[in-house]
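User: Please take a close look at one chain of this model, beginning with its overall form and going on to its packing and its contact with the partner chain. Please then describe the sheets of the partner in the same detail.

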Amino acid sequence: MNTLIPFSWLKEFCKTDVDVEAFAKRLSLVGNEVERKIKVDRYLDKVIVGRIKEIDPHPNADKLQLVIVEVNDGNTVKIVCGGTNIKGGQFVAVALPGAFVAWHGDDEVTLKETKIRGEESFGMICAAEELGFQGLGPGTGIWDLEVLVKESDIGMPVSEVLGLEDTIFDIEMTTNRPDGMAVVGQAREACAAALGDMDDPFTKEPNIPSFNGEDKYVFSVSVDEQDLCPRYMGLLMDVEVGPSPWWLQKKLILAGAKPINNIVDVTNFVRIELGQPMHAFDFQKLDGGKIVVRSAKNGEKFNALDEKEYDLEDGMLVIADGSKPVAVGGVMGGLDSGVTSDTKTIVLEAATFEPLSIRGTWRALNLQSDSQALYEKGLSTELAAYGMARAVELLQEIANGKVVSSVKDVRRGEYMNKVFYLRPDKVNKLIGIEIDTDTQIGMLTRLGFAISDTEEDGVHEVKVPFWRDMDIEADVDLIEEIARLYGYENLPSTIPSGVIPRRDRDHLLDRENEIKDMLSGSGWTEVYANSFIDPEDARRAGVDPALGLTVVNPLANDQALMRPSLIPNMLRTIADNEHRDGVERLFELQRVYLKRDGDLPDERSMLMVAIVDDVGGENLFRHIKGSLEIIMSKYHVAFELSRNGLSGQWHPGRSAQIMVGGDAVGTLGEVHPIVVQAFGIEHKIALLEIDLPELEKHMKLDPSYSEPSEFPAALRDLALLVDEHISYGELEATMMTNSTLLKKIELFDLYRGSQIESGKKSLAVHLDLASSRTLTSEEVDADMKKITDALISTHSVVIRD
Amino acid sequence: MSFKDELQTLKTSFEGDLGSVADSDQLEALRVKYLGRKSGLQDVMRLLKDMSVDERKAAGQEANEAKRSMEIAVEAKDLELERVRLEGLATEEAVDITLPGIAPPVGHLHMTTTAIREIEAIFARLGFTRVRHPEVEWEWYAFETLRVGPDHPARDNWETFFIDAPTDDKKGKMVLTPHTTNGDVREMERGDLPIRMMNINKTYRRQSDVSHVPMFHQFEGLLIDEGVTVTDLKGLFDHFAKEYFGPEREIRLRPHHFRFTEPSFEVDISCGLCQGIGCRMCKDGWVELGGAGMLHPDVLRAGGVDPEKYSGLAFGWGLERTVSMRAGLNISDLRTMYSGDVRFLQQF
């Protein structure tokens, strides 16, 4: 969470001479990351205090006026202005030519002397947001400086008159450190980092004025839900509601809060300064003068300060009066019980709420606030008293506040500081350098830890300050405090020594990498698709969604299934890219998630290779089979194709299961036309799907080697005319079984068409015949005759010349 | 005409013809005309048979000399023609080198595959073995053993994906792991020490916008040994930063907060765009790389490792983020990486 901390405010607690840049840098390095440094007066150069003398209509524009402004020593300038709230005698901020401002709070511009609709304008009368102060003054109006300046300020720089020469740190704190989301917490961090001397309000007892008079009002506090509200402090004060003085308004503005009235301003001030959220109720609006901290009832309605109505549910913690909720505890106050200009008496609340309950409630109501953001991080019960004391002090000062009740302080139990142990030698052993014990103790002390010796040598007892209640959970947490204050930038870099352990490799990863290289090296593009798929896509692809895992809380219904197959994604990818170049050859090699009863799913590496073309059929099949062959030949796996056992997404005539030693290791072939159609794809698609762990079982990684023969092979060609229904595989088998010399057959031509009889195909093959000696042409001829005779007698082949 | 005259005429004619020979075809035609079986020389030779023995001997010798000299001339011419041809290669056999190439089929590895390999290789040199622990995981390993209790916001169902499966009595619900840290306790449970593990895997979080993909990758390094220190962690990242991003890059550690490490760090690297001066892409010259820390003693105990004897460091970083930081790729919407758009895929 980010917090805006004005440097000047921080310096009230951390006395320092360090310049703002160095300060911010060091603060970042110890863990309080200053993400931005905002110069408060970045838009205030050449912006001076002026006073409006005359307002005349603009001759050429209805919404503009010509304003004569007194700027110094009785000199005036003419400025064209569109502000709706200007009036004669008003003090205003005048940006002179050369000033750099945020036009309408947005576009940064450098002003020039100019003409607006034909009238000269010497500068600009500014709205607050144009000078970098959002949310001050009316929406479209200029910034009225009436109560902030006096006549002698005319002509003076606004930044000087209003004391705006400051820098704001925008600090990102980790969620475990709500103490650092306040001015005092940052000051303490800075001082612990040796940036200054700390004046820590938390080291003194909280001073809430005691009330000894007679009760003026009937007022009670009761807490029904002490688990959700471990501490509730309530106090009555008579107050005079009005605007806050400028010094307080300014601090709020710089810290990003909008001044409202002195009472609300004080509650915000305390939150920003100490980190304790505060709330003020109008006591007169509370039924029965009661504060009851209880669970909401189902169906209870609540009008919040954001002017919306919320339906509350059982279990949400509310602050109620005698009859109805007046606040959602720690989240937001009610509209009807809020402080108005008519308020005379307030209930000042300083409480502690259980973070989980806060989170559950705001999530359920979708209602957030600055208080909620702090409470959900977890605050100490001890902080509440400091918040109460500070708020009372401020209200006495600026709202003529009078305490008119004793403080009602309902708490769950007595507070005990946590205790852990510091072992300086263990600190050094984990960090890797030597930091002496006194230095370690000094660091912890500056952070507010109280250290004392124990009976055991080298072991110190460490009492945790209340503001670190939530994040310090073990001895080891103290090591981090020392390490970060020592400065990670001051640590040397070492390369880990020690033996390098032998760990069994995931060998399938190697195979996966080889296959990816093989495919990407021969024209395929690798796809990474989402693990989440649309269950409908699974059905379209003929994949049973029940094989995969269902996500209970998907981002969208079409991402609700953890894929049990790579096919649906591949088809979706092809459909999405169908009319783009480059879709022709895609592959994906990733894991699928196969449901298993009572256990985590089988996360299985699958290969999916795709080829897209216009025609389909035998040619497409041969191409996808080629991709299978390069993989099988690399791993020396002999495979067979079987038309049996094909599942529904495959074209029944153009697909086959890949069998290795009786195991099915995958499928290849054309996608069923119905599936293709279901994805709205116009092309033909051939896929190769391989179950890699299954294939891995059959891979031979250390192939056997045979010496190349020194005797030349005889090469013969053979052209055949054969019936269409006779497969190439049958012809191949016949040739092989009927020859003793035939070593290799290579198909180099396949023809069907008008040049030959219909119902026939023409094939041409290269044959390699060889033996362990040099063959005579008579021997080769004799063997060839056996081959051709067998082809003729078995398959009625016609041998062509 | 006398034999001599005939021979002289032949030679004169040969020399004249030879002078006008311009290529090897013409030279061959010349050779056939003067030295072949039906050549002018054979005609002259036929005159020999009407001569006396003495005359024939002298004339024969003369004829042979003439033949020999013509053969030498032809060979010389042949060599000369070859020399001229070779000299003329640059112009005579020039091809148009501006025509587009005819490429072999080339495919593309996904940039994530390439990045995984590079990162794996850098840590492999320091003895880290790449393994894969589950993506679909029990809360036990994804949260519980990492000190992320049941009430932690990360376990809300608006942060983490849950799987529709029965809850395990001990291990809790089934989730999609939001970080590769789920492998840490699993690795320890194997019982082998010391450990140098690199778990690169898919991880899942319920976020989808231009800078977040609900499915992304992390690489998790885990080092457990006796005497592992914060300075080791710093050295490890220094090594990685220089190897992966370049020797001129620096790293820094900032304190941070993670439940499973103590101390915890955010690791920054000096900005590659402005060389650490500060620009719109970085914070004061630094860019966040990722989180890391020294393993919390409770986490070591959860994995059966004695924290009194051993210490460990762990880091789990977003791969997509790391890649895009190096390459200055300016992928305006990270979701493009896993959209399957070939126009993206084929640029890598």
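Analyst:
**Chain B, its contact and the sheets of chain A**

Chain B contains 12 helices and nine strands (DSSP runs numbered from the N terminus, helices being H or I over at least four residues and strands E over at least two). With a radius of gyration of 42 Å, well over the 20 Å that the globule rule gives for 348 residues, chain B is more spread out than a compact globule (the radius is taken over C-alpha atoms, and the rule is 2.2 Å times the number of residues to the power 0.38). This is a predicted model, in which local features need pLDDT of at least 70 and side-chain atom pairs count only at pLDDT 80 or more, while totals for chains, interfaces and linings use all residues. Residues are numbered from 1 along each chain as its sequence is written, and chains are lettered from A and ligands numbered from 1 in the order in which they are written.

The C-alpha trace of chain B spans about 130 × 45 × 45 Å along its principal axes. Of its 348 residues, 43% count as buried (20 or more other C-beta atoms within 10 Å of the residue's own, against 12 or fewer for exposed and the values in between for partly exposed, with C-beta atoms placed from the backbone). Among contacts in chain B between residues at least 6 apart in sequence, those joining residues at least 24 apart make up 66% (a contact requires C-beta atoms, placed from the backbone, within 7 Å).

Within chain B, helix H1 (residues 3-19) packs against helix H4 (residues 53-87) at an angle of about 0 degrees, and their axes are 11 Å apart (axes are lines fitted to C-alpha atoms, for helices over the stretch in contact, and angles run from 0 to 180 degrees between N-to-C directions). H1(B) and H4(B) are therefore roughly parallel to each other (angles under 35 degrees count as such, over 145 as roughly antiparallel, 65 to 115 as roughly perpendicular and the rest as oblique). H1(B) contributes Phe3(B), Leu7(B), Lys11(B), Phe14(B) and Leu18(B), which meet Ala59(B), Glu62(B), Ala63(B), Ala66(B), Met70(B), Ala73(B) and Lys77(B) in H4(B). By class, the residues of this contact of H1(B) with H4(B) are nine nonpolar, no polar and three charged (nonpolar: Ala, Val, Leu, Ile, Met, Phe, Trp, Tyr, Cys and Pro; charged: Asp, Glu, Lys and Arg; polar: the others, Gly among them).

Gln275(B) lies in the loop between strand S7 (261-270) and strand S8 (286-295) of chain B. Gln275(B) counts as partly exposed because it has 13 C-beta neighbours inside 10 Å. Its C-alpha atom is separated by 8.7 Å from that of Glu248(B), 27 residues apart along the chain.

The contact between the chains takes 68 residues from chain B and 70 residues from chain A. On the chain B side, helix H9 (residues 230-244) gives the most, with eight residues. That side of chain B comprises 29 nonpolar, 19 polar and 20 charged residues.

In chain A, an open sheet of three strands has the order S1-S13-S3, with antiparallel pairing (two strands pair if DSSP finds at least two bridges between them). Its edge strands, each pairing on one side only, are strand S1 (2-6) and strand S3 (33-39) of chain A. Neighbouring strands here are turned by 25 degrees against each other on average, direction ignored. S1(A) is joined to strand S13 (residues 167-172) of chain A by five bridges, and Thr3(A) stands opposite Ile171(A) in S13(A). Across S3 and S13 of chain A lies helix H2 (residues 20-29) of chain A, at about 160 degrees to S3(A).

Elsewhere in chain A, strand S4 (residues 47-57) and strand S5 (residues 65-72) pair in the antiparallel sense over six bridges, with Ile68(A) in S5(A) as the bridge partner of Glu54(A). S5(A) is also joined by seven bridges to strand S6 (residues 75-81) of chain A, running antiparallel. S5(A) and S6(A) form a hairpin with two residues between them, and Asp73(A) in the turn has a positive phi of about 45 degrees.

Note on methods
Contact = placed C-beta atoms within 7 Å.
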